[in-house]
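I opened this one to see how the chain is put together and what sits around the ligand. Notes follow in the order I looked things up.

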Amino acid sequence: MSMAKLKVAQLQTKVYAEKKQTIEMLSSYLETLSPENVDLITLPEMFACPYQTSNFPIYAEREGDGLWQTCSELAKQHRVYLSAGSMPEVDEAGKVFNTAYVFDREGKQIAKHRKAHLFDINIQDGQHFKESDTLASGNHVTVFDTEFCKMGICICYDFRFPEIARLMVTKGAKIILVPAAFNMTTGPAHWELMFRSRAVDNQAYTLGTAPARDSSSEYISWGHSIAVGPWGNVIGELEEGEGYMIHELDLDVVDQVRAQLPLLHHRRTDMYVLEEVRK
Ligand SMILES: NC(=O)CCC(=O)C(=O)O
């Protein structure tokens with residue numbers, strides 16, 4: 001039987017140029033959170049690599065290497081599920097990905113998602129960015145099992161594509177984790193709207209975890225880590241500074257919303273279909 005409630009801490013952390021500093025910060029946060037008995041901790045997109053395309057190959061590590069190892073050990077030490085945001089990953093062929101790992105309470109990797117939609121945008125008088133200058137894309141929708149429920153995970157720009165969230169939910173996800181880093185152009189316009197839209201359409205919890213804002217960095221994060229319930233209600237939202245928030249997510253609410261307003265059941269799959277193409 002799955003458990004109906006879980007306690008989640010979303011950490012809106014600073015991004016340091018030195019991995020050593022990031023690791024010290026993470027250890028200290030996990031110590032601080034220890035008395036809270038949280039079940040799941042979530043970190044931001046590229047939490048240990050200043051978000052610049054030129055940095056991704058420099059900071060990239062193989063799966064199982066230093067930062068991965070640290071995250072696995074921290075999860076095990078604190079007996080907590082850890083969504084280790086995302087980090088640049090290099091594969092055996094030298095391709096670099098924006099990759100999210102999730103560890104269970106034993107420190108075992110239970111999910112790996114490579115960002116599938118690369119953030120290549122060019123907004124007039126606003127944000128420009130081209131992840132594809134140095135990153136390759138992943139090809140999969142990612143869901144994983146926990147003792148609470150199935151969850152899905154995707155990374156930032158991935159979440160703009162409603163198909164991804166819908167596929168996670170048709171695969172059984174009740175909670176969607178999104179390590180992310182919106183910016184000062186798209187953040188105020190779309191961040192909250194996107195998390196609420198995906199939540200209300202899919203009747204799932206959506207959790208966006210972003211880095212704290214550093215106005216001196218090349219890419220300025222909007223911050224505003226957010227948690228939205230299956231009714232589309234904002235449960236909590238940070239501002240731009242460093243910090244964390246803790247929530248209890250009640251999975252019975254997902255079942256209640258889905259039973260009372262049976263959107264997923266009312267889909268006209270005889271009229272339209274959505275399916276993942278496995279490569
Ligand atoms: N890191 C990202 O994918 C940023 C996405 C973003 O800011 C957006 O507006 O989408």
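**Strands 10 and 11, then outward**

I started in the sheet: strand 10 and strand 11 run parallel, with four bridges between them. To fix the register I looked for a facing pair and found methionine 151 opposite isoleucine 175 of strand 11. A reminder to myself that the model is predicted.

Next I asked how many residues of strand 11 are buried. The count is seven of seven, so the rest of the structure largely encloses this strand.

**Helix 4**

I moved on to helix 4, residues 162-170. Its buried residues are Ile164, Ala165, Leu167, Met168 and Val169. Residues three or four places apart in an α-helix point the same way, because there are 3.6 residues a turn. With that in mind I checked what the buried residues of helix 4 pack against. I found strand 9 (142-145), strand 10 (150-153), strand 11 (173-179) and helix 5 (186-202). After helix 4 comes glycine 172, with a positive phi near 115°.

**Hairpin of strands 5 and 6**

Strand 5 covers residues 96-103 and strand 6 covers residues 109-114. I read their pairing as antiparallel, over five bridges. Phenylalanine 103 has glutamine 109 of strand 6 as its bridge partner. The two strands make a hairpin with five residues between them. In the turn I noted glycine 107, whose phi is positive at about 85°.

I then picked one residue of strand 5, alanine 100. Is alanine 100 buried or exposed? It counts as buried, because it has 29 C-beta neighbours inside 10 Å, against a cut-off of 20 or more. Leaving out residues up to four places away in sequence, alanine 100 touches Ser83, Gly85, Ser86, His113, Ile153, Ile155 and Pro179. I also took a distance from alanine 100 to threonine 53: 17 Å between C-alpha atoms, with their positions 47 residues apart in sequence.

**Lysine 19**

Lysine 19 belongs to helix 1, which spans residues 19-33. I get partly exposed for lysine 19, because 16 other C-beta atoms lie within 10 Å. That number falls between the limits of 12 or fewer for exposed and 20 or more for buried. Its contacts are Ala48 and Leu67, again not counting residues up to four places away in sequence. I also checked lysine 19 against proline 162: they are 143 residues apart in sequence, and their C-alpha atoms are 34 Å apart.

**Positive phi outside glycine**

Most residues other than glycine have a negative phi, and I wanted the exceptions. Asparagine 37 is one of them, with a positive phi of about 50°. I located asparagine 37 in the loop between helix 1 and strand 2 (40-42). It is exposed, because 11 other C-beta atoms lie within 10 Å.

Arginine 79 also has a positive phi, near 55°. Where is arginine 79 found? I placed it in the loop between helix 3 (66-78) and strand 3 (81-83). Arginine 79 counts as partly exposed, because it has 13 C-beta neighbours inside 10 Å.

**Around the ligand**

Which residues are around the ligand? I listed Glu45, Phe119, Cys156, Tyr157, Arg160, Ala181, Phe182, Asn183, Thr186 and His190. Sorted by class, that shell holds five nonpolar, three polar and two charged residues.

**Whole chain**

Last, I zoomed out. I counted six helices and 15 strands in the chain. Buried residues account for 42% of the 279 residues. For contacts between residues at least 6 apart in sequence, 69% join residues at least 24 apart.

I then compared the radius of gyration with the globule rule. The chain has 18 Å, which agrees with a compact globule, because one of 279 residues would come near 19 Å. Along the principal axes, the C-alpha atoms fill a box of roughly 50 × 45 × 35 Å.

For the annotation I went to UniProt, where an unreviewed entry lists residues 4-251 as "domain: CN hydrolase". I checked how that span begins and ends: its end C-alpha atoms lie 5 Å apart. The span is 24% helix and 29% strand.

Conventions:
Residues numbered from 1 in each chain as written. Predicted model: local features only at pLDDT ≥ 70, side-chain atom pairs only at ≥ 80, totals over all residues. UniProt positions renumbered as here; feature names shortened; annotations may be inferred. Near = placed C-beta within 6 Å. Nonpolar A, V, L, I, M, F, W, Y, C, P; charged D, E, K, R; others polar. Rg over C-alpha atoms; globule rule 2.2 N^0.38 Å. Contact = placed C-beta atoms within 7 Å. Pairing = 2+ DSSP bridges.
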